[in-house]
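Reader: I have a new model open and want to learn to read it. Where should I look, and how?
Author: Pick one feature at a time, and we will go through each.

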Amino acid sequence: MSDFKKLHVWQKAHALSLCVDRVCKRIRGARYASLRSQLFRAATSIPANIAEGRRQESEKEFARFLRYALNSSSELEYHLILAHDTKTIAEKDFRSLVTQTIRVRKMLYALLKCLSVTDRPPPASARAHNTARPRPTADPPSAPGR
């Protein structure tokens with residue numbers, strides 16, 4: 001598999017995680033320590049799963065890790081909504097981070113769609129033009145006692 005750092009979606013996800021880190025550093029108070037941690041963990045999970053998935057042996061396995069990254073993007077979006085609604089982060093930061101999160105999610109969906117096209121078997125019309133000899137079929141098994 002190729003270098004994950006060359007993937008545009010990884011670059012955007014990494015930039016998002018850096019932005020979330022900057023916002024998290026401004027969240028003060030022990031009361032919000034868990035939220036701060038969850039925001040950071042969900043954000044960094046997105047590019048980490050893209051990177052881990054890119055090292056897999058098959059496109060199917062890569063797609064599985066992209067779905068994990070998608071799940072983390074949804075988790076991040078929720079934590080951002082919670083942080084916004086509890087007035088833990090500023091409106092400007094919320095809008096910027098949610099916009100970036102949605103952009104990354106759309107990119108992940110697009111990449112998954114491209115991968116699913118390559119995982120599908122060729123259409124029936126392409127198989128019909130196959131010049132290989134047909135395989136012999138075995139007779140159906142007989143019913144016991146007959």
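Reader: Start with charged side chains. Which side chain meets Arg64 in a salt bridge?
Author: First, a caution: this is a predicted model. Now the case. Glu61 is the partner of Arg64, with N to O at 2.5 Å.

Reader: Why can Arg64 and Glu61 pair up along one helix?
Author: Look at the spacing. Arg64 and Glu61 are three residues apart in helix α3, so about one helical turn separates them. Then check exposure. Arg64 is partly exposed, at 30% relative accessibility. Glu61 is also partly exposed, at 26%.

Reader: How many salt bridges does the structure hold?
Author: There are six. One of them joins Asp21 and Lys25, with the closest N and O atoms 3.1 Å apart. These two residues sit four places apart in helix α1, so again about one helical turn lies between them. Lys25 counts as exposed, at 53% relative accessibility.

Reader: What about Asp3? Which residue does Asp3 bridge to?
Author: Asp3 pairs with Lys5, and the closest N and O atoms are 3.1 Å apart. Both ends can be checked for exposure. Asp3 is partly exposed at 30% relative accessibility. Lys5 is partly exposed at 43%.

Reader: Step back to the whole chain. How many helices and strands are there?
Author: Count five helices and zero strands. From the N terminus, the order reads α-α-α-α-α.

Reader: How do I judge whether contacts link distant parts of the sequence?
Author: Look at sequence separation. Take the contacts in the protein with a separation of 6 or more: 71% of them join residues 24 or more positions apart.

Reader: And the balance of inside and outside? What share of the residues is buried?
Author: Of the 146 residues, 34% are buried. The cut-off is under 20% relative accessible area. The accessible surface comes to about 9,900 Å². Carbon and sulfur atoms account for 55% of that surface.

Reader: Now the interior. What is the general idea?
Author: In soluble globular proteins, nonpolar side chains tend to be buried together. Here, the largest nonpolar core has 33 residues. Val20, Leu39, Ile46, Ile50, Leu76, Leu80 and Leu108 touch the most other members.

Reader: Which elements give two or more residues to this core?
Author: They are α1 (8-25), α2 (33-54), α3 (59-85) and α4 (91-119). The most comes from α3, which gives eight residues.

Reader: Show me one core residue up close. What does Leu39 touch?
Author: Set aside residues up to four places away in sequence. Leu39 then touches Val20, Cys24, Ile27, Leu76, His79, Leu80 and Ala83.

Reader: Polar residues can be inside too, I assume. Is Thr101 buried or exposed?
Author: Thr101 is buried, with a relative accessible area of 1%. Thr101 lies in helix α4. Next, ask what its polar group reaches. The Thr101 side chain comes to 2.7 Å from the backbone oxygen of Leu97. Beyond the residues up to four places away, Thr101 touches Leu16, Ser73, Leu76, Glu77 and Leu80.

Reader: Is Asn49 buried or exposed?
Author: Asn49 is buried, at 11% relative accessible area. Its place is in helix α2. Leave out neighbours within four places. Asn49 is then in contact with Phe65, Tyr68, Ala69 and Ser72.

Reader: Back to the surface. Which residues make a nonpolar patch there?
Author: Tyr78, Ile81 and Leu82 make a patch of about 250 Å². Take Ile81 as the example. Ile81 lies in helix α3. Its relative accessible area is 33%, so Ile81 counts as partly exposed.

Reader: Last, the backbone. What should I look at in Lys87?
Author: Check phi. In Lys87, phi is near 60°, a positive value in a residue other than glycine.

Reader: Where is Lys87 placed?
Author: Lys87 sits in the loop between α3 and α4. Lys87 counts as exposed, at 69% relative accessibility.

Definitions and conventions. Residues numbered from 1 in each chain as written. Predicted model: local features only at pLDDT ≥ 70, side-chain atom pairs only at ≥ 80, totals over all residues. Heavy atoms only, no water. Core = buried A, V, L, I, M, F, W, Y, C linked by side-chain atoms within 4.5 Å. Buried < 20%, exposed > 50% of the residue type's maximum accessible area, 1.4 Å probe, protein only. Contact = heavy atoms within 4.5 Å. Salt bridge = Lys/Arg side-chain N within 4 Å of Asp/Glu carboxyl O. Patch = residues over 30% accessible without salt bridge, like charges linked within 9 Å, V, L, I, M, F, W, Y side chains within 5 Å. Areas by Shrake-Rupley, 256 points an atom, 1.4 Å probe, with all protein chains shown as cover. Polar contact = N/O pair within 3.5 Å; in protein donor to acceptor, adjacent residues only side chain to side chain.
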